[in-house]
Amino acid sequence: MKSFMKNSAAAMALIIGANAAAAEGNLVLYHWFEYIPQDLIEKFTAETGINVTMDTFDSNEAMLASLKAGGIGTYDVSVPGDYMVSIMAGEGMLDTIADGELKNKGNIASEWADPSFDPGRKHSIPYQWGSTSFAVNRDVYSGDIQTTDILFNPPAELQGRINMLDSQGEVMAMAALHVGIPQCSNDREQLKALNAMLIEAKAHWASFNSDTAKEVLVSGDAAVGQIYDGFSAKAREEGANVEYAYPTQGYIAWMDNVVLLKDAPNRDSALKFMDFLLEPENIAAVTNYARYNAGVNGVEEFLDPELATQPEKNPHDKVGPGVFIEVCSQEVQAVYDQIWTNVKK
Amino acid sequence: MAAGAASGGSATTDTYKEARTWLLLPAWVTLCILILAPVLMMLVYSFLTKEFRGGVIWEFSLAAYDQFFFDRGLFGDDPPKIEWTYIAIFWRSIWQAGAATLLSLVIGFPTAYFIATRAENMRPVWVFLITIPYWVNLLIRTVSMKFLLRDQGPLNDFLINIGLIDSPLHIVNTNFAVQLGLFYSYLPFMVLPIYAAVERYNFNLSEAAADLYASKWTTLRRILLPAVKPGVIAGCILVFVPSMGSFLAPDLLGGAKNFMIGSLIEEQFKGNAGNWPFGAAASMILLTMVLIILMIFARQQAKAEKSGG
């Protein structure tokens, strides 16, 4: 038994060693689904000779879980949302980018150069930013949609035809806007109200799904879908008669960021990839594909002209505030988890 | 079952006596590394303290089991009451898996009987045909199922076109859709063991029963069914057990609106909750339950064999 263990340990070491040797010129990317055009990855490989391997995730939390369960040391870069960058930095999962390591760092647009979730951009660069609210099928409902009532207190035509994102953060933040309480409030009455409101609203929802959030709108399975602005634009371009709402109560703003992970097996490749994504032409290709916004100077000339007039990017003048998802304290998060279980039980 | 294997092997014991330890080693290693170690790890994790945002702190804690069985209100400081939430989720899973098993049996038994009664050279072809759809990944099959069943999907189009219904049936995002999905996912696990049992069945017995004026129904009930019962039980277990823990069907076909055990456990690891000990505890409780159900099955089978023989 002992010698068997020794042998297998030796074999394992050999395999790992072989992998490490072959890993020069590789990049292992952990990315959202449907968020980077294949052409762009090929362009990066053509320019640098670095082969890209990509795994995908469908929520910030799922990514965090998989990195915690052993993904650190496997992946080089990932693409967390704003609040998740601060969580990951707090958990010590991010590597620091030293001054001068990114030659294109100066391209970052000034408003995104020093964000609260990563002061001084020590671990991350901007990827895309946009908003999360919801889209309504105008063939089904022609009334006023600029209100969170559409999701949480829907008119009869829309009841039972609503898809929510299967993501606690986005549902809770939107719900807090609807009830009119601060995010991560620890006030018991407010939390009780949030719980009661969500349980009542759930009766009108058809499903929770993030990765088919667009498809259910295109196919007509759902008449309302909580959705990101670019996804809503894509649903419209794919033929769904949907309108993206900017509720007067407010909506969720977000920014996704490319981060350098701790113990990245191909740190140099990762930095090259980040520099590549800071070139206006390249990040503009992502924007043209995903229909969001880049956080890099000089992208304008490379952008699809249709983007400027895209209705999903041009809120009406009565729109409420765009709020970033906040990171709750452990105590409040425990209550949020309880509420989420109550909603989904 | 284990006793049968041991007594069956006694004749060859001497031949392989020398090499026995070595020959058994792969089985033991597989058993330890792939089955015992993960279950033990789960058991240990279920008694640890949860770390905020996933992970565990190596301190003993009963919090996970407490959360499962006691309801302390939204803020965790009410006097404890019995927690029905998770019991209800388990009950729903048992119910859904049971319905899927029944559906598989109703469709799977005649299918297996049909295959077993074909000409001998055609049987492998039929078995082969049954397994073809299962070369495709489960996720793809479940998504395809959703496409077929959806309000604007081919099934509803067909039913409307032939005039059977006026407006589409809402099947997707219901419990029934979950049952259908589970049934379709695991149907071959029902068909194959029953087929194996029916194929071994001596059809002369049915003829003899008919000669003695037994009706077809009586023959099926009193002669065929008892003879193929082990196959039926194996099929039911093979469908029921994975159905209980499945999360693809409830998520995709049920709309992820109502947790089943599988999705509840998944949420503890992948979702916001990040409560690994609770996920491990729920898994242990599921495992214990399945074990109890299997033991009851095995007991009854042993009893039936004794009284039958």
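This report describes the nonpolar cores, one central strand, and some annotated positions of a predicted model.

Residues are numbered from 1 along each chain as its sequence is written, and chains are lettered from A in the order in which they are written. Because the model is predicted, local features need pLDDT of at least 70 and side-chain atom pairs count only at pLDDT 80 or more, while totals for chains, interfaces and linings use all residues; side-chain values use heavy atoms, without hydrogens and water.

**Cores**

A nonpolar core is a set of buried Ala, Val, Leu, Ile, Met, Phe, Trp, Tyr and Cys residues joined through side-chain atoms within 4.5 Å. Buried means under 20% relative accessible area, exposed over 50%, and partly exposed in between (1.4 Å probe, protein chains only). The largest such core has 109 residues, and those with the most contacts inside it include Met88(A), Phe152(A) and Trp205(A). Strand S9 (residues 251-260) of chain A gives the most to this core, seven residues. Domain 1 (2-129 + 255-307) and domain 2 (130-253 + 315-344) of chain A each supply at least three residues to this core; the domain bounds come from an automatic or database domain assignment. Another core, of 32 residues, lies apart from it and has Leu187(B) and Met260(B) among its members.

**Strand S9(A)**

Helices (H or I, at least four residues) and strands (E, at least two) are DSSP runs, numbered from the N terminus. Of the 10 residues in S9(A), 10 are buried. Two strands pair if DSSP finds at least two bridges between them. The table lists the partners of S9(A).

| Partner strand | Sense | Bridges | Opposite residues |
|---|---|---|---|
| S3(A), residues 77-78 | antiparallel | two bridges | Val77(A) and Leu260(A) |
| S4(A), residues 124-137 | antiparallel | eight bridges | Pro126(A) and Asn257(A) |
| S10(A), residues 322-324 | parallel | three bridges | Val323(A) and Ile252(A) |

**Annotated positions**

An unreviewed UniProt entry places the feature "binding site" at Glu34(A) and Tyr83(A). UniProt positions are given in the numbering used here, with shortened feature names, and annotations may be inferred rather than shown by experiment. Glu34(A) is found in the loop between strand S1 (26-32) and helix H2 (38-48) of chain A. Glu34(A) counts as partly exposed because its relative accessibility is 31%. Beyond its neighbours within four places in sequence, Glu34(A) is in contact with residues including Lys214(A) and Tyr289(A), where contact means heavy atoms within 4.5 Å.

For chain B, an unreviewed UniProt entry places the feature "transmembrane region" at spans including residues 127-149 and 276-297. Residues 127-149 of chain B are 74% helix and 0% strand, with end C-alpha atoms 26 Å apart. Residues 276-297 of chain B are 100% helix and 0% strand, and their end C-alpha atoms lie 31 Å apart.
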